Amino acid sequence: MIVDCHTHLMWYPDHVGQQYAEEALASKLVKLKYSGGQAYSANLDLHVYDSKPEQHWEVSKTADKVVVFGIQAKATGLWVPNEVISDYVKQHPEKLQGWAAVDPTQPDAVEQLEYCVTDLGLKGLKLGPVYQDFDPMDRKYWPIFEVCRKHNLPIMWHQGATFPSRSRLKWGFPMQLEDVAMDFPEVKMIIAHLGHPWEEDMTVLVRKCPNVYTDISAVHYRPWRYWQAMTTAMEYGITHKILLASDFPSATIDNVITGLRNVNKPIEGTGLPQIPKEIQDQIIYENWKPFFPEWT
Ligand SMILES: [Zn+2]
């Protein structure tokens, strides 16, 4: 079974501000230029990162189960109402699992998260400190993680770099999550995008924290960095904690699987270590099992 544990619903201009959309488009053009043709290609305008329900459903064909959420980040101009997620998930409950998104900098974040769980039936939480401009080490956010512990909500962290100019990159260092992981050891967490470009920090954190995982969404279009990250993960013994994910609309699940199958391309004809096919197969078909025991 194939599980895509990281996808978004959002579209311009309803949920995406003008400056964010312009910076996103600029970053997409760079990715396309250096991706070797693997990036998701779409019309290159401010709608390039649109993910409406019909688009999301279409690209999700390859996956058997799909986790979907929005994002709420006042600092960078992103705001997807959680009802958009719960309404969509209700159309395809056999396949989709909806997670909540709240902005920790907003005074009602805890209340909103409770509402998402009890009224909307959402099952996890998406956070992105580099979009929301908050420090995950600040104890004033601990009540949010208390809600996660109470309701057994996993957290998807965009813990890595990103392009918007209006938030701080330093909140995105993977190591900013060590205190949360140690104070809330029972809360499952995913560091998205292999923690790029801090893949080494992500790797050592995932190795030492039993409930911290990572995903390979939207990183294959930087093939050299991707191969290095996967080799590091293999050498430190964390490849069993790498989950399959697309981060649609940044990429599709088909793009990500093709990218993983091509991970050894940059080192073809050299004596450098290969990522074996068995490890690739585990990421595609097996690694979701301890994270989503309800689907086993
Ligand atoms: Zn994401």
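In this predicted model, helix H6 spans residues 142–151. Its buried residues are Trp142, Ile144, Phe145, Val147 and Cys148. Several elements cover these residues, including helix H4 (109–118) and helix H7 (178–183). Strand E7 (125–127) and strand E8 (155–157) also belong to the cover. An α-helix has 3.6 residues a turn, so residues three or four places apart point the same way.

The chain leaves H6 through an unusual backbone angle. Just after the helix, asparagine 152 takes a positive phi of about 60°. Asparagine 152 is not a glycine, yet its phi is positive. It sits in the loop between H6 and E8. With a relative accessible area of 63%, asparagine 152 is exposed.

A second non-glycine residue with positive phi is leucine 194, where the angle is near 55°. Leucine 194 lies in the loop between strand E9 (189–191) and H8. Its relative accessible area is 3%, so leucine 194 counts as buried. Leucine 194 is also one of the residues touched by aspartate 215.

Aspartate 215 belongs to strand E10 (residues 212–215). This acidic residue is buried but has no salt bridge. The nearest side chain of opposite charge is that of lysine 126, 7.2 Å away. A salt bridge requires a separation within 4 Å. Residues up to four places away in sequence aside, the contacts of aspartate 215 include Cys5, His6 and Met156. A run of contacts comprises Ile190, Ile191, Ala192, His193 and Leu194. Leu243 and Ala245 are touched as well.

Salt bridges do occur elsewhere. The count comes to 12. Side chains of opposite charge can pair when their charged atoms come close. Aspartate 138 and lysine 140 form one such bridge, at 3.9 Å from N to O. Aspartate 138 is partly exposed, with a relative accessible area of 30%. Lysine 140 is exposed, at 57%.

Another bridge joins aspartate 179 to arginine 139, whose closest N and O atoms are 3.3 Å apart. Aspartate 179 lies in helix H7, and arginine 139 in the loop between helix H5 (129–132) and H6, so the pair ties together parts 40 residues apart in sequence. Both partners are partly exposed: aspartate 179 has a relative accessible area of 22%, and arginine 139 has 45%. Within the set of charged residues, Glu146, Arg149 and Glu186 are linked in a network of salt bridges.

A further bridge connects two helices. Aspartate 281 pairs with arginine 261, with the closest N and O atoms 2.6 Å apart. Aspartate 281 is in helix H11 and arginine 261 in helix H10, so that distant parts of the chain, 20 residues apart, are linked. Arginine 261 is partly exposed, with a relative accessible area of 32%.

These two helices also pack against each other. The axes of H10 (residues 253–261) and H11 (residues 277–285) come within 10 Å and cross at roughly 165°. The helices are therefore roughly antiparallel. Their crossing is right-handed. Ile257, Leu260 and Arg261 supply the H10 side of the contact. From H11 they meet Lys277, Gln280, Asp281, Ile283, Ile284 and Tyr285.

A second helix pair has another arrangement. Helix H8 (residues 199–208) and helix H9 (residues 223–235) pack at an angle of about 25°. Their axes are 10 Å apart. H8 and H9 are therefore roughly parallel to each other. H8 passes H9 in a right-handed crossing. The contact involves Glu199, Glu200 and Thr203 of H8. On H9, Arg225, Ala229, Thr232 and Ala233 take part.

Cis peptide bonds were also identified. One joins tyrosine 12 and proline 13, with omega about 0°. Proline 13 lies in the loop between strand E1 (3–8) and helix H1 (18–34). The peptide bond from phenylalanine 248 to proline 249 is also cis, with omega near 15°. Proline 249 falls in the loop between strand E11 (242–243) and H10.

Definitions and conventions
Residues are numbered from 1 along each chain as its sequence is written. This is a predicted model: local features need pLDDT of at least 70, side-chain atom pairs count only at pLDDT 80 or more; totals for chains, interfaces and linings use all residues. Side-chain values use heavy atoms; hydrogens and water are left out. Helices (H or I, at least four residues) and strands (E, at least two) are DSSP runs, numbered from the N terminus. Buried means under 20% relative accessible area, exposed over 50%, partly exposed in between (1.4 Å probe, protein chains only). Lys and Arg count as positive and Asp and Glu as negative; His and the chain ends are not counted. Contact means heavy atoms within 4.5 Å. Axes are lines fitted to C-alpha atoms, for helices over the stretch in contact, and angles run from 0 to 180 degrees between N-to-C directions. Angles under 35 degrees count as roughly parallel, over 145 as roughly antiparallel, 65 to 115 as roughly perpendicular and the rest as oblique. A crossing is left-handed if the near helix is turned anticlockwise from the far one by less than a right angle, and right-handed if clockwise.
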